[in-house]
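Visitor: I have a chain on my screen and some time before my gel finishes. Could you walk me through it?

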Amino acid sequence: MSEARGRLLASASRLFYTEGLHSVGIDRVIADAGVTRATLYRHFPSKDDLLVAYLTEADALIRTQVESARNAAGGSPREAVLAVAATIADGIRSPGFRGCAFLNAAAEYPDPGHPVHQAVLAHRQWFLDTVTELLAATGETAPGPAAQHFVMLRDGAMAAGCLTDPVPICATFLRGVEGILRYRNAPVAAGVKRRK
């Protein structure tokens, strides 16, 4: 990545995340990055291209965080799920947290055919697939619904974590993930059917 492209992407990412995708114009990104308009358009032919690049960078960062959490779990599938959840909670508690970049982007670009919305959907599918894989490794017999539950808890924590004190939000999220692991893998009592 060239230095100019890196500066543009860093400026755009910070501004888009903190102020919103529609509210930050190209001129603002150019001024913040200290580049010319021609330089911006050489690297990003349109604002949509810059927005997708921002989300691609956010996706890459999250993938790296998830992989690091998995590696830190020492091979234990249960600990891997908990480590991924802890990474999410750490992000919510971090200074400057303003919600999930992908949920925020989807709210601003609701058209499913728009490239920004497509980038959001691709990231969310990867995340759901990853959590499904992690839960399947714990021995979960219905990892799909359990993963959907995990993602729903994560989405709620991400939304609430920027509205109020994130500490109780994160504690609730982590208890919810513990509950998924405990409930989903608990033996079913005689005569009681577990919902799938």
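Here is a run of questions and answers about this structure.

Visitor: Let's start broad: how many helices and strands does the protein have?
Guide: Keep in mind that this is a predicted model. From the N terminus on, the elements run α-α-α-α-α-α-α-α-α. The count for the protein is nine helices and zero strands.

Visitor: And what does the C-alpha trace span along its principal axes?
Guide: Of the 196 residues in the protein, 41% are buried. Among contacts with a separation of 6 or more, 65% come from residues 24 or more positions apart. Along the principal axes, the C-alpha trace spans about 70 × 35 × 30 Å.

Visitor: Which residues does the UniProt "domain: HTH tetR-type" annotation cover?
Guide: The record here is an unreviewed entry, and such annotations may be inferred rather than shown by experiment. In the model, the annotated stretch is 79% helix and 0% strand, with end C-alpha atoms 22 Å apart. UniProt puts the domain at residues 2–62.

Visitor: What about "DNA-binding region": which residues does UniProt list?
Guide: This label also comes from the UniProt record, in an unreviewed entry. In the model, that part of the chain is 75% helix and 0% strand, and its end C-alpha atoms are 14 Å apart. The listed residues are 25–44.

Visitor: Now helix 4. How far apart are its end C-alpha atoms?
Guide: Helix 4 takes in residues 47–72, so that's 26 residues. At 1.5 Å a residue, the helix should span 38 Å. The model agrees with that expectation, as the end C-alpha atoms are apart by 38 Å.

Visitor: What covers the buried residues of helix 4?
Guide: The buried residues of helix 4 include Leu50, Leu51, Tyr54, Ile62 and Val66, and Asp59 is buried there too. Their cover includes helix 1 (3–19), helix 2 (26–33), helix 3 (37–43), helix 5 (77–93), helix 6 (101–108) and helix 7 (115–137).

Visitor: Which residue with a positive phi follows helix 4?
Guide: Helix 4 runs over residues 47–72. The residue that follows it has a phi near 65 degrees, and its name is Gly74.

Visitor: Which residues touch the most other members of the largest nonpolar core?
Guide: That core has 61 residues. Elements giving two or more residues to it are helix 1, helix 2, helix 4, helix 5, helix 6, helix 7, helix 8 (143–161) and helix 9 (166–184). Leu50 gives a feel for the packing: leaving aside neighbours within four places in sequence, its contacts include Leu9, Ala12, Val29 and Leu40. Those touching the most other members are Phe16, Val29, Leu50, Phe127 and Phe150.

Visitor: Is the Trp126 and Phe127 pair stacked, edge-to-face or tilted, and what angle lies between the planes?
Guide: Both residues are buried. Their rings are 6.0 Å centre to centre. Planes under 30 degrees apart would count as stacked and over 60 as edge-to-face. The pair is tilted, with an angle between the planes of 55 degrees.

Visitor: What charged end sits over the ring of Phe127?
Guide: Phe127 belongs to a cluster linked by ring pairs, together with Trp126, Phe150 and Phe173. The charged end over its ring is 5.6 Å from the ring centre, and it belongs to Arg154.

Visitor: Is Asp155 buried or exposed?
Guide: Asp155 is in helix 8. Leaving aside neighbours within four places in sequence, Asp155 contacts Leu103 and Arg124. Its relative accessibility is 15%, and the cut-off is under 20%, so Asp155 counts as buried.

Visitor: How about Arg70: what is its relative accessible area?
Guide: Arg70 is in helix 4. Not counting residues up to four places away in sequence, Arg70 touches Ala80, Val84, Thr130, Glu133 and Leu134. The C-alpha atoms of Arg70 and Leu134 are separated by 8.9 Å, though the two are 64 residues apart along the chain. Arg70 is partly exposed, at 24%.

Visitor: Last one: how far is the C-alpha atom of Ile92 from that of Met158?
Guide: Ile92 lies in helix 5 and counts as buried at 1% relative accessibility. Beyond its sequence neighbours within four places, Ile92 is in contact with residues including Phe97, Met158, Pro166 and Cys170. Ile92 and Met158 are 66 residues apart along the chain, and their C-alpha atoms are separated by 6.5 Å.

Terms used. Residues numbered from 1 in each chain as written. Predicted model: local features only at pLDDT ≥ 70, side-chain atom pairs only at ≥ 80, totals over all residues. Heavy atoms only, no water. Helix = DSSP H or I, 4+ residues; strand = E, 2+ residues; numbered from the N terminus. Expected span 1.5 Å × (residues − 1). Buried < 20%, exposed > 50% of the residue type's maximum accessible area, 1.4 Å probe, protein only. Contact = heavy atoms within 4.5 Å. Phe/Tyr/Trp six-rings, centres within 6.5 Å; stacked < 30°, edge-to-face > 60°. Lys NZ or Arg CZ within 6 Å of the ring centre and 35° of its normal. Core = buried A, V, L, I, M, F, W, Y, C linked by side-chain atoms within 4.5 Å.
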